[in-house]
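Have the structure open in your viewer and keep the selection tool at hand. We will go from stop to stop, picking a few residues each time and looking at what surrounds them.

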Amino acid sequence: MTRTIVASATREVVIGFDQPFCVIGERINPTGRKKLAAEMVAGNFETVKQDALAQVAAGATMLDVNAGVTAVDPNATEPGLLVQTLEIVQDLVDVPLSIDSSVSAAIEAGLRVARGRPLVNSVTGEEEKLEAILPLIKKYDVPVVAISNDETGISEDPDVRFEVAKKIVQHAADYGIPAHDIVVDPLVMPIGAMGTAGQQVFRLLRRLREELKVNTTCGLSNISFGLPHRHGINAGFIPMVIGAGMTSAIMNPCRPQEMEMVRAANVLNGTDPNCYNWIMTYRDHQPAATGGAKAAAAAPTSSGGRRRGGRDARRARG
């Protein structure tokens with residue numbers, strides 16, 4: 001059974017088909033968050049600290065840490081900022097971390113200060129990236145997220161994305177990196193733009209599990225991009241991708257609806273033995289009364305009431 005081991009200084013986590021779904025908290029990332037980016041550039045890490053604590057409290061298994069605050073000379077600015085952010089986060093929480101950067105120098109700088117066994121996010125199938133990142137993965141003996149695109153970009157054909165993933169796994173083997181240390185991101189497309197995106201990723205996940213025998217992850221909210229009420233789509237997507245074989249996701253654990261689906265999938269998938277975590281989380285849960293529930297409770301129940309009378313009348317006519 002494929003098992004990818006990640007660790008903080010004090011805690012080990014196993015990502016695997018027979019393990020609880022691994023929730024990688026996405027919030028420590030300034031991309032699209034102008035306020036957070038400005039704070040980090042100014043040396044203010046209060047939001048980073050709040051996000052770290054909130055995500056762990058909400059049930060995150062790991063935290064993704066990204067410090068890509070600027071596209072202007074990131075090779076000069078990102079390594080130092082990423083190191084600072086990693087050190088702050090790992091002093092605050094004890095979950096394993098994912099070092100998230102597209103800058104090779106930043107990844108290596110992060111690996112030098114990271115405690116335990118972090119996950120590196122990420123490498124692609126581009127030759128330049130493979131040659132830059134895979135030696136670091138071997139040197140520091142850490143697992144890596146392999147994103148299924150290469151020099152040709154992101155293919156809409158899931159079979160092409162599978163071949164890119166296979167190429168990365170094979171290149172990693174050339175460096176002595178085992179397949180269990182490759183966590184493939186099959187690239188989830190927005191369902192609003194591509195109606196077959198869900199079906200594609202389910203099929204691709206099964207192939208990755210059965211043929212390459214690798215663990216998998218994704219940016220979960222990509223599936224709902226551009227749609228209203230995105231969290232409803234995300235929540236529905238979670239048990240379906242878990243059922244297809246996905247073993248982790250980069251997502252927002254502070255969304256209760258989405259975490260509820262993760263926990264439910266763990267119960268139904270057999271990775272929450274005796275429903276222990278579900279019971280411990282929800283044993284005191286009191287569902288909020290909705291308007292419909294209140295109306296139903298207040299509705300007349302005598303034979304003269306509209307709801308009961310209508311049903312009895314139909315029976316009488318039958």
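Start by selecting Arg115 in this predicted model. With a relative accessible area of 37%, Arg115 is partly exposed. Now add Asp91 to the selection: the two form a salt bridge, and their closest N and O atoms are 2.6 Å apart. This pair links distant parts of the chain, with Arg115 in the loop between helix 4 and strand 6 (119–123) and Asp91 in helix 3, 24 residues apart. Is Asp91 buried or exposed? Asp91 has a relative accessible area of 57%, so it counts as exposed, being over the 50% cut-off.

Stay with helix 3 and select residues 74–92. The 19 residues of this helix should span 27 Å at 1.5 Å a residue, and the end C-alpha atoms are 26 Å apart, which agrees. Next, which residues of helix 3 are buried? Colour Glu78, Pro79, Leu81, Leu82, Val83, Thr85, Leu86, Ile88, Val89 and Gln90 to see them. To find what covers these buried residues, show the neighbouring elements, including strand 3 (22–28), strand 4 (62–66) and strand 5 (97–100). Helix 1 (34–41), helix 2 (46–58) and helix 4 (104–113) are also part of that cover.

Helix 2 is the next stop. Select Lys49 and Glu46, whose side chains meet in a salt bridge at 3.6 Å, N to O. Both residues lie in helix 2, three residues apart, about one turn of the helix. An α-helix has 3.6 residues a turn, so residues three or four places apart point the same way. Lys49 counts as partly exposed at 31% relative accessibility, and Glu46 counts as partly exposed at 42%.

Now move to strand 1 (residues 3–7) and pick Arg3. Which residue does the side chain of Arg3 meet in a salt bridge? The partner is Asp18, at 2.6 Å from N to O. Arg3 sits in strand 1 and Asp18 in the loop between strand 2 (12–16) and strand 3, so the pair ties together parts that are 15 residues apart in sequence. Arg3, at 38% relative accessibility, counts as partly exposed; Asp18 counts as partly exposed too, at 32%.

How many salt bridges does a search of the whole structure find? The search finds 13. For a last selection, take Asp159, Arg203, Arg207 and Glu211 together: salt bridges that share partners join these four residues into one network.

Conventions
Residues numbered from 1 in each chain as written. Predicted model: local features only at pLDDT ≥ 70, side-chain atom pairs only at ≥ 80, totals over all residues. Heavy atoms only, no water. Helix = DSSP H or I, 4+ residues; strand = E, 2+ residues; numbered from the N terminus. Expected span 1.5 Å × (residues − 1). Buried < 20%, exposed > 50% of the residue type's maximum accessible area, 1.4 Å probe, protein only. Contact = heavy atoms within 4.5 Å.
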